[in-house]
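Visitor: I would like a close look at a single part of this model, taken slowly. Please begin with one residue and its surroundings and work outwards from there.

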Amino acid sequence: MTKPIWIKHATQLATLAGEGKGPRSQEAMSELGLIEDGSLWIENGIIQAVGTTNELEKRYAEKLHTADIVEASNHLVTPGLVDPHTHVVYGGSREREFEMRLEGATYMDIMNAGGGIHATARMTREAIEEELLEQTMSRLDSFLAHGVTMVESKSGYGMNLETELKQLRVMKELQQKHAIDLIPTFMGAHAVPPEFKGKEDEFVDYLIDKMLPIVAEENLAEFNDVFCEKGVFTPEQSKRILEAGKEYGLVPKIHADEIEPYGGAELAAKVGAISAEHLLKASDEGIHAMAKAGTIACLLPATALYLREEAAAGRKMIDAGVPVAISTDCNPGSSPTTSMPLVMNLACISMRLTPAEALTAATYNAACAINRQEKVGSIEVGKQADIVLWDVKNYQELQYLFGVNHVKAVWKKGVKVVG
């Protein structure tokens, strides 16, 4: 039995509490449920009470002496950040490509020359599980230090049965060994492997007939993602893969319209995807379809910055009624970062989200994008006590002072894991 935790006198407590169980859009993305001189009481990893310090002091008067007391004056308290789109389990590194890109090579130039996803696939195929485990543990430690308490993780750096299963099994082991909750996504359709070049439809058959059944049988993933892009998978091929995944109970996600408009956003709405990712080149028709379907736009401003591309139209999407989440897209080629605070800053600077919208996009809506809003994403009674104490006084300052990690302490399921 652990001691209760009483966090008190927070200058600002951003609870993100609100009505409804689905993702928030338009004006609702600005509703942070702020409490000044805020306080919360935690027991056995669960939030038991939320209110002002005075309210909780009276309510728990007879138990205050039993608690670990956290003085949060001059600090902001928020839910733990949620990263709903990463490729965090991979082998090797690709720093040389960074230099190549600065010398003028494009993303597709590098990929077509055997770099990009294919380079990481080679290194991930060669790595043993213990190596992948050790490398990923270090990245997850960094996520935690930046206030992230839950991470979605995609496979996709194998593109063959053996390596895809290896990545997913490493994720399963990490779920037991690391404090962060790791939510697994199968992404065998990340690219067409070299051995299937010119035989793309055969690879789609192989993925559907050989890979999906084993992933489902071993219960290794919750979501099924596909890179719908010209030169990768067509909308028709992507639909086949996503519909096949649904037959096995895997919820669709889709990398959509990153390089050029390709109907990915429209397809996400059509197949009932929980989210569509990237969306730098999403059409007006696609944005309208996502708004109508309630599909979450998972936007990746650090990736756009790293690739020196114009960021996705986050402001336009929110105004159109699309619920927006944000993510690091942590991966070795186009966004090698674990800093969700930086991603929130970039969402404001490059996509014109307000500070409140950016915080919603990194907490509650991000949790919705991986179907975890019943457990995390807001500070409410009965939810998992994933909490961040920030060394700033309010949520505006968190976004205003950009490029700095303001995390002072992190609690995961009521256990202090940072600070």
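Guide:

**Asparagine 160 and its neighbours**

Leaving aside residues up to four places away in sequence, asparagine 160 touches Arg125, Tyr206 and Met211, where contact means heavy atoms within 4.5 Å. This is a predicted model, in which local features need pLDDT of at least 70 and side-chain atom pairs count only at pLDDT 80 or more, while totals for chains, interfaces and linings use all residues. Residues are numbered from 1 along each chain as its sequence is written, and side-chain values use heavy atoms, with hydrogens and water left out.

Asparagine 160 sits in the loop between strand S7 (148–154) and helix H6 (161–177); helices (H or I, at least four residues) and strands (E, at least two) are DSSP runs numbered from the N terminus. With a relative accessible area of 17%, asparagine 160 is buried, a term that stands for under 20% relative accessible area, with exposed meaning over 50% and partly exposed in between (1.4 Å probe, protein chains only). Its side chain is joined to that of threonine 163 by a polar contact of 2.8 Å, that is, a pair of N or O atoms within 3.5 Å, of which, within protein, one must be able to donate a hydrogen and the other to accept it, residues adjacent in sequence counting only if both atoms are side-chain atoms.

One of the residues touched by asparagine 160, Tyr206, leads on to the aromatic rings. Rings of Phe, Tyr and Trp (its six-membered ring) pair if their centres lie within 6.5 Å, and planes under 30 degrees apart count as stacked, over 60 as edge-to-face and the rest as tilted; by this rule the count comes to eight aromatic pairs. Among them, phenylalanine 196 and tyrosine 206 are stacked, at 5.7 Å centre to centre with 25° between the planes. Phenylalanine 196 lies in the loop between strand S8 (181–189) and helix H7 (200–217), whereas tyrosine 206 belongs to helix H7, so the pair ties together parts that are 10 residues apart in sequence. Phenylalanine 196 is buried, at a relative accessible area of 16%, while tyrosine 206 is partly exposed, at 23%. Ring pairs also link Phe196 and Tyr206 with Phe203 and Phe233 into a cluster.

To return to the starting point, asparagine 160 is a buried loop residue whose contacts include Tyr206, and Tyr206 is in turn part of that ring cluster.
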